[in-house]
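Work through the exercises below with the sequence and the model open beside you. Try each task before reading its solution.

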Amino acid sequence: MTAAQQMTNASSLYAGERHDWTRQQVLDLFALPFNDLLFTAQQVHRMHFDPNRVQVSTLCSIKTGACPEDCAYCPQSARYDTGLEREQLMKVEKVVEEARAARASGATRFCMGAAWRSPKKKDMPYVTRMVREVKALGLETCMTLGMLKDEQARELAEAGLDYYNHNLDTSPEYYGEIITTRTYQDRLETLDRVRAAGMKVCAGGIVGLGEGEKDRAGLLMQLANLPEHPESVPINMLVKVAGTPLEDEKDLDPFEFIRCIAVARIMMPKSHVRLSAGREAMSDEMQSLAFLAGANSIFYGEKLLTTGNPEANEDMQLFARLGIQPEEYQQYADESEVEADLGARIAEQENDPYFYDAAK
Ligand code: SF4
């Protein structure tokens, strides 16, 4: 059997969804030669996605700074002096204006983030109105507001919120080095509530926090072993902000970041894996490697919450150079419509001399 056939067989092992990963299995993926890992990830990616489409989201900070939590990487924590200006909750009209601008620049999903431990009762009428009005523009909606109670998750779902973002950040073992004001279990419970209310889950983490590879493996294991894989998995690279405890953290080897994307793609084959914070510091070449490893979602816009994000038009130029198109926002009735659409796109590409159907 040739090496290529062996790799094709290997990729078929990963084609399905699994929820029983062991740490050693994940570490074995991380330990693959780089080219083999990327090849496998790209094969798995092609079984479930059009490889030349990337979903584009825009993030809007609806309430910035003064957060009571102590996440060691975050400039929004009130505990660190980072020079960030605190802001009140943004007016609904302003949020809608930003959403319109995001739609005009090609975003299909609008993510609204508030620096809260959890939303208060008095905030809920405002945030649910934001969801309704942004949705009325034809955009998908996502929010990240901190921990949720059952009732709050239900209210957001009733307003039509599509996704709720709540990251696990890192492995359970390393978590205590990064945050002490809420537990890992608190985070898992919020994710459960989001699911129970019927919303889609956006959950990922941050690498470059000083953690080891076993922690990156532990984070991905936690995400992939959830009862359902998160539909969206943001993989953030630490943005070192002066004034936070991690301002002098050592840089992570960029290849380690790409490995993390590839392993996430293999373990959660149907999820959108998102390049999130830290993208501004990545070269075009590194971003293209991340797409090759299976990343198929980005944030664009002038800001990624409070850290810089490459200008939207630079992203579109990079897409054009790579032959990538933004993914359209499609509303499907069920899984069979998703499969039919993917089949049609694959059929369109079959005459391309470089087409390779990894599913065969
Ligand atoms: S990451 Fe979120 S919860 Fe943690 S300090 Fe920043 S805004 Fe607060």
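**Exercise 1. Place aspartate 192 and classify its exposure.**

Step 1. Aspartate 192 lies in helix H8, and H8 covers residues 184-196. Helices are DSSP runs of H or I with at least four residues, strands are runs of E with at least two, and both are numbered from the N terminus.

Step 2. A residue is buried if 20 or more other C-beta atoms lie within 10 Å of its own, exposed if 12 or fewer, and partly exposed in between, with C-beta atoms placed from the backbone. Aspartate 192 has 16 C-beta neighbours inside 10 Å, so aspartate 192 counts as partly exposed.

Step 3. Along the chain, aspartate 192 and leucine 148 are 44 residues apart, while their C-alpha atoms are separated by 9.9 Å.

Before going on, note two conventions. Residues are numbered from 1 along each chain as its sequence is written. The model is predicted: local features need pLDDT of at least 70, side-chain atom pairs count only at pLDDT 80 or more, and totals for chains, interfaces and linings use all residues.

**Exercise 2. Describe the chain as a whole and say where the model should not be read in detail.**

Step 1. The chain has 13 helices and twelve strands. Of its 360 residues, 43% count as buried.

Step 2. Two residues are in contact if their C-beta atoms, placed from the backbone, lie within 7 Å. Among contacts between residues at least 6 apart in sequence, 80% join residues at least 24 apart.

Step 3. pLDDT is the predictor's confidence in each residue, from 0 to 100. Its mean over the chain is 84, and 83% of the residues reach 70 or more.

Step 4. Over residues 353-360, pLDDT stays under 50, and the model has nine contacts beyond four places in sequence for them. Where pLDDT is low, the predicted coordinates should not be read in detail.

**Exercise 3. Find the buried face of helix H6 and what packs against it.**

Step 1. H6 spans residues 150-159, and its buried residues are Gln152, Ala153 and Leu156.

Step 2. Seen down the axis of H6, these residues fall within an arc of 100 degrees, so they line one face of the helix. The arc is that of the directions from the helix axis to the C-beta atoms.

Step 3. Asp150 and Glu151 are exposed, on the face turned away from the buried side.

Step 4. The buried residues of H6 pack against H5, strand E3 (140-144), strand E4 (163-165) and helix H8.

Step 5. Glycine 160 follows H6 and has a positive phi, near 105 degrees.

**Exercise 4. Compare the settings of proline 125 and aspartate 169. Which is buried and which is exposed?**

Step 1. Proline 125 is found in helix H5, residues 124-135. Proline 125 is exposed, because 12 other C-beta atoms lie within 10 Å.

Step 2. Proline 125 and leucine 156 are 31 residues apart in sequence, and their C-alpha atoms are 9.7 Å apart in space.

Step 3. Aspartate 169 lies in the loop between E4 and helix H7 (175-178). Aspartate 169 has 23 other C-beta atoms within 10 Å and is therefore buried.

Step 4. The phi of aspartate 169 is positive, near 75 degrees, and the residue is not glycine. Most residues other than glycine have a negative phi.

**Exercise 5. Describe the largest nonpolar core.**

Step 1. A nonpolar core is a set of buried Ala, Val, Leu, Ile, Met, Phe, Trp, Tyr and Cys residues joined through C-beta atoms within 7 Å.

Step 2. The largest core holds 87 residues, of which Leu220, Ile261 and Ala264 touch the most other members. Helix H10 (residues 254-267) gives the most to this core, with nine residues.

Step 3. Beyond its neighbours within four places in sequence, alanine 264 is in contact with Leu220, Val233, Ile235 and Val273.

**Exercise 6. List the residues around the ligand and sort them by type.**

Step 1. The ligand is surrounded by Cys67, Glu69, Cys71, Cys74, Gln76, Ser77, Ala115 and Gly146. A residue is near a molecule if its C-beta atom, placed from the backbone, lies within 6 Å of it.

Step 2. The shell divides into four nonpolar, three polar and one charged. Ala, Val, Leu, Ile, Met, Phe, Trp, Tyr, Cys and Pro count as nonpolar, Asp, Glu, Lys and Arg as charged, and the others, Gly among them, as polar.
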